[in-house]
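I am opening a notebook on a structure that is new to me, and I will put down what I look up as I go.

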Amino acid sequence: MSGNNKYDAIVVGAGVGGLSVGSLLAKEGLQVLILEQADRVGGRALSIKGSEISENGLEWYKTLLASQYSYLAGSEPEIKTMIKKRMLAGYTLDIGYHAISANGAGYMYDFEVLIGGIGDLKKHGGHWGSHYKGNIYQDIAGNYIDPELYRISREEGIPYLDFYTDCGMMTDEQIDKLEKVSLQEWAEKKGIVKNDIIYNHLHAVSTLFSTINNPEDISVGDIFHYFKNAFGPKAQTGLLKYTGGFIEGGVMEWSKAVAARFASFGGTLKTNTRVNRITTRDGKVTGVMVDGKNGGQEQFESEIVISNIPAQQTFKVIDKSHFPEQWASATEKMYGYGSYAPYMGLNKLVMPEKESRLGLKNTCVLPKEEGFDYDVYICWNIQSVLDQSVAPEGKYLYTAYLPMTEKESLNKEMVNKLVNRLPDFMEEIYPGFKESIDWKLDIVCWKLEGIAKSVSQPGTRKIPVKSEYVDGLYFAGDTAKGSGVAMDCAIASGVICAGEVLGKDFGIR
Ligand SMILES: Cc1cc2nc3c(=O)[nH]c(=O)nc-3n(C[C@H](O)[C@H](O)[C@H](O)COP(=O)(O)OP(=O)(O)OC[C@H]3O[C@@H](n4cnc5c(N)ncnc54)[C@H](O)[C@@H]3O)c2cc1C
């Protein structure tokens, strides 16, 4: 069914979730239209060239950040000086820290296989670890187990490996029950808390997967679903080599590659096109209205509309009266997680070469006594050591993320505490670090994770991909049903959503 403004399916938003569902549907032969309000694809998985900031100016940069729930909390030197001196030339800045889980071997891989590959896009894999009391303990990657963690677990009888292997022996229904169990509760029952090194390490890994600082709030079931379904099938095949990685040239390159695939399937993508209304008749969707030229409107028709807009903002485009009051209010109240995500341009590396290649995590940059919900964690990388294309020759790009609740992210005083603390924290670990900083940009985002994977709202408790209340209305993105790390979760929900539309099982739960 296609002609003029009629499509088989319309997707509102070209974020990772919208592109995933749109390209799968297009590959299956549907005439699909994706409408994106921004001038580029990728949504929150956005990359900006340093030179773009100098060319387009500060206001452009601030507006772009704001469109993805982020703002500039500070900089060294002053941002105007950085722009004038073109200090960011040659750098590529993802919006905040933007690593890909398992170097794309999770749901990203499954999805890429489903659409027949995405060309020759490069991913640069790396190993991650936890930094605790001056020592480094490496995360499990492929068959590699940190020898010291293994020794402690054997000598003290701490079932460290259960965190990774229990899910393989459980059914999805059994894991569903663990969704309401926190990491802390699970680790206490297992006796893992008896050893602080192992407990701290698993806490750091769990925060990496969930973006939540507080182990009493992290849903262990959400992580287990992810391990079982995204990683389980690859555990034996050698695909699971790395803990993380970066997309060459910035995270947005992935979305651009998927958009190119979508176009090759005959899909239509319109950027700079904001949907102002999902239209309905007799409880069924009929299409969308978009902002047109000279204040007018344009209509696109379809019996299937998929919203990739973060769920809490659904009612900006569709009337609340279509949904039960309780459902609408619960959806609006679902909370995400934010972060302080600094970038630094470094003129030298002051750490041993091996450590410069690691993604390192520490569970306490500032303690909760400073007024935070919980001790603030950090994960940092010298991103340009893994992907040299993101920094000019002879320079290095440091990126990090320090999770904060949505409320903390919007509180300047709390943000400033972290901004002020970070250089000292790094200096304590690597003397000389402060001197190696050419410039620093302090970005804060209040919606890194659309819906936090906490015990009260884990994967299967998020909004379903198919609306129960409006016929033909679907949802895809990190706020719709799906487990795992943010981008992977958005991809998973896109695949689950395509399966619902087509009545097909793509093997992702
Ligand atoms: C600072 C930061 C750091 C992050 N770090 C990581 C990381 O290290 N690893 C990781 O896996 N994930 C990370 N994430 C999270 C990841 O980027 C998101 O989970 C993922 O990109 C969400 O994709 P989505 O499709 O659900 O939503 P979005 O990206 O929000 O996409 C929604 C799209 O809809 C568009 N839209 C909204 N309203 C309309 C409308 N009315 N009309 C048309 N279009 C509309 C938006 O412009 C957007 O393009 C990070 C996010 C941020 C912000």
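Entry 1, a small sheet. I began with G125, whose bridge partner in β10 is G245, and I keep in mind that this is a predicted model. The strand β7 is joined to β10 (residues 244-247) by four bridges, and the two run antiparallel. I then looked up the sheet around this pair, and I found an open one of three strands in the order β6-β10-β7, with antiparallel pairing. Its edge strands are β6 and β7 (123-126), each of which pairs on one side only.

Entry 2, a helix that packs on β6. Which residues of helix α5 (residues 107-114) are buried? I noted Y107, M108, Y109, D110 and F111 as buried in this helix. The buried residues of α5 pack against β6 (100-101), and also against α1, α11 (220-231) and α18. Just after α5 I came upon G116, which takes a positive phi of about 75°.

Entry 3, the domains. I looked up the domain assignment of the protein chain, which gives domain 1 (9-42 + 250-334 + 453-502), domain 2 (66-94 + 337-449) and domain 3 (142-234). The centres of domain 1 and domain 2, taken over C-alpha atoms, are separated by 31 Å. The contact between these two takes six residues from domain 1 and seven residues from domain 2. I also sorted the side of domain 1 that touches domain 2 by class, and I wrote down four nonpolar residues, one polar and one charged.

Entry 4, the ligand. Where does the ligand lie with respect to domain 1 and domain 2? Both domains give residues to the shell around the ligand, so the ligand lies between them. There are 39 residues around the ligand, and of these G13, G15, G43, G96 and G477 come nearest. By class, I recorded 20 nonpolar, 14 polar and five charged residues in the shell. Three elements, α1 (16-27), β20 (437-449) and α18 (486-502), each supply at least two residues of the shell, and α18 gives the most, with four residues. I noticed that α1 and α18 had already come up in Entry 2, as elements against which the buried residues of α5 pack.

Entry 5, strand β1. Both faces of β1 (residues 9-12) are covered, since A9 and V11 on one side and I10 and V12 on the other are all buried. As a reminder to myself, side chains in a regular strand alternate between the two faces of the sheet. The strand β1 pairs with β2 (residues 32-35) in the parallel sense over four bridges, and A9 stands opposite V32 in β2.

Entry 6, a second open sheet. Three strands form this one in the order β12-β13-β14, and the pairing is antiparallel. β12 (275-281) and β14 (297-301) stand at the edges with a single partner strand each, so one side of each is left without a neighbour in the sheet. The twist averages 30° from one strand to the next. I followed the pairing of β12 with β13 (residues 284-291), which is antiparallel and runs over six bridges, and there V275 stands opposite V290. Five bridges join β13 to β14, and D291 has Q297 as its bridge partner in β14. These two strands form a hairpin with five residues between them, and N294 in the turn has a positive phi of about 50°.

Entry 7, one residue followed across the chain. I chose M344, which lies in strand β16 (residues 337-346). Is M344 buried or exposed? It has 23 C-beta neighbours inside 10 Å and therefore counts as buried. Leaving out residues up to four places away in sequence, M344 touches Y398, I437, W439 and K440. The C-alpha atoms of M344 and L397 are separated by 5.9 Å, although the two residues are 53 apart along the chain.

Entry 8, backbone details. The peptide bond from E76 to P77 is cis, with omega near -5°, and P77 is found in the loop between β4 (70-76) and α4 (79-84). R86, in the loop between α4 and β5 (92-94), has a positive phi of about 50° although it is not a glycine. With 13 other C-beta atoms within 10 Å, R86 is partly exposed. K133 also has a positive phi of about 50° without being a glycine, and it lies in the loop between β8 (128-132) and β9 (135-138). I listed K133 as exposed, with 8 other C-beta atoms within 10 Å.

Terms used: Residues numbered from 1 in each chain as written. Predicted model: local features only at pLDDT ≥ 70, side-chain atom pairs only at ≥ 80, totals over all residues. Pairing = 2+ DSSP bridges. Axes fitted to C-alpha atoms, helices over the stretch in contact; angles between N-to-C directions. Near = placed C-beta within 6 Å. Nonpolar A, V, L, I, M, F, W, Y, C, P; charged D, E, K, R; others polar. Domains from an automatic or database assignment. Buried ≥ 20, exposed ≤ 12 C-beta atoms within 10 Å, placed from the backbone.
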